[in-house]
Amino acid sequence: MSDTEPIVPFRLRKTDAAAAVSHVRPAPFAPGGIAFDRGEISVILTLYGSKVAEGEWRDYAIDSGRDKAVFSVFRRTAETPLYRIEKTPRLGRRHGLYSVVAQGGMILRRGHDLAQVLRVLMRKPRLLAVS
């Protein structure tokens, strides 16, 4: 099979499933996958740009899959992500479509409005000492 031939999906019988798993190539893009739309990316990148200007964040990664889309934020490229901004439509009615997850896996905030969920990552005002 050459690289230019399309992969045609076919139905497997239960007895053929174990033998055929090693021969099925995954599709390069799963149709119907979850991804951030242009408005969501704009809101996220606005926050990301301000954090980069402050020197807190330096890199990001976007991952889109079948069940959720993830925007990961890194302090350095070789580290684990500081925060993950996740879009999970399956949880849309219960907990909210969006969530912010910290480095240890703790969910900081969930909700239906992305801008409100991202407020947990914005810097809070600090009291400065006057000398």
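Begin by selecting Y60, a residue of this predicted model that counts as partly exposed, because its relative accessibility is 36% and buried residues must fall under 20%. Y60 belongs to strand β1, which spans residues 59–64.

**The rings around Y60**

Keep Y60 displayed and add F71. The two ring centres are 5.0 Å apart and the planes meet at 10°, so this pair is stacked. The pairing joins distant parts of the chain, since Y60 lies in strand β1 and F71 in strand β2 (residues 69–74), 11 residues apart. Is F71 buried or exposed? F71 is buried, with a relative accessible area of 0%.

The structure holds five aromatic pairs. For another of them, select Y48 together with Y60: the ring centres again lie 5.0 Å apart, but the planes stand at 75°, so the pair is edge-to-face. Here the link runs from helix α2 (residues 38–54), which contains Y48, to strand β1, which contains Y60, across 12 residues of sequence. Y48 counts as buried, because its relative accessibility is 11%.

Now extend the selection to Y48, W57, Y60, F71 and Y83, which form one aromatic cluster. Within that group, centre the view on W57 and display K51: K51 lies over the face of W57, at 5.9 Å from the ring centre.

**The whole chain**

Return to a cartoon view of the entire protein chain. Its secondary structure comes to three helices and five strands, and along the sequence these follow the pattern α-α-β-β-β-β-β-α. The chain has 131 residues, of which 26% count as buried. Among contacts with a separation of 6 or more, 30% are between residues 24 or more positions apart.

Colour the chain by pLDDT next. The mean for the protein chain is 80, and 75% of the residues reach 70 or more. Select residues 12–30, where pLDDT stays under 50 and where the model has seven contacts beyond four places in sequence. Where pLDDT is low, the predicted coordinates should not be read in detail.

**The nonpolar core**

In soluble globular proteins, nonpolar side chains tend to be buried together. In this model the largest nonpolar core has 18 residues. Which residues have the most contacts inside it? They are I44, W57, I85, L118 and L121. Helix α2, strand β2, strand β4 (98–102) and helix α3 (114–118) each supply at least two residues of this core. Helix α2 gives the most, with four residues.

Select I44 for a closer view. Leaving aside neighbours within four places in sequence, I44 is in contact with F36, F71, I85, L114 and L118. F71, already seen stacked with Y60, thus reappears here as a contact of I44.

**Strand β3 and the loop after it**

Move to E86, in strand β3 (residues 83–87). E86 counts as buried, at 8% relative accessibility. The side chain of E86 makes a polar contact with the side chain of R84, at 3.0 Å. Which residues does E86 touch, apart from those up to four places away in sequence? They are K68, A69, V70, L97, Y98, S99 and V101.

Continue to T88, in the loop between β3 and β4. T88 also counts as buried, at 6% relative accessibility. Not counting residues up to four places away in sequence, T88 touches D67, K68, G96 and L97. K68 and L97 also appear among the residues touched by E86.

**Strand β5**

Finish at G111, in strand β5 (residues 107–111). G111 is buried, with a relative accessible area of 11%. Its contacts, leaving aside neighbours within four places in sequence, are H95, G96, L97, Y98 and V117. To close the tour, select G92 with G111: the two are 19 residues apart in sequence, and their C-alpha atoms are 8.3 Å apart in space.

Key:
Residues numbered from 1 in each chain as written. Heavy atoms only, no water. Phe/Tyr/Trp six-rings, centres within 6.5 Å; stacked < 30°, edge-to-face > 60°. Buried < 20%, exposed > 50% of the residue type's maximum accessible area, 1.4 Å probe, protein only. Lys NZ or Arg CZ within 6 Å of the ring centre and 35° of its normal. pLDDT = per-residue confidence, 0-100. Contact = heavy atoms within 4.5 Å. Core = buried A, V, L, I, M, F, W, Y, C linked by side-chain atoms within 4.5 Å. Polar contact = N/O pair within 3.5 Å; in protein donor to acceptor, adjacent residues only side chain to side chain.
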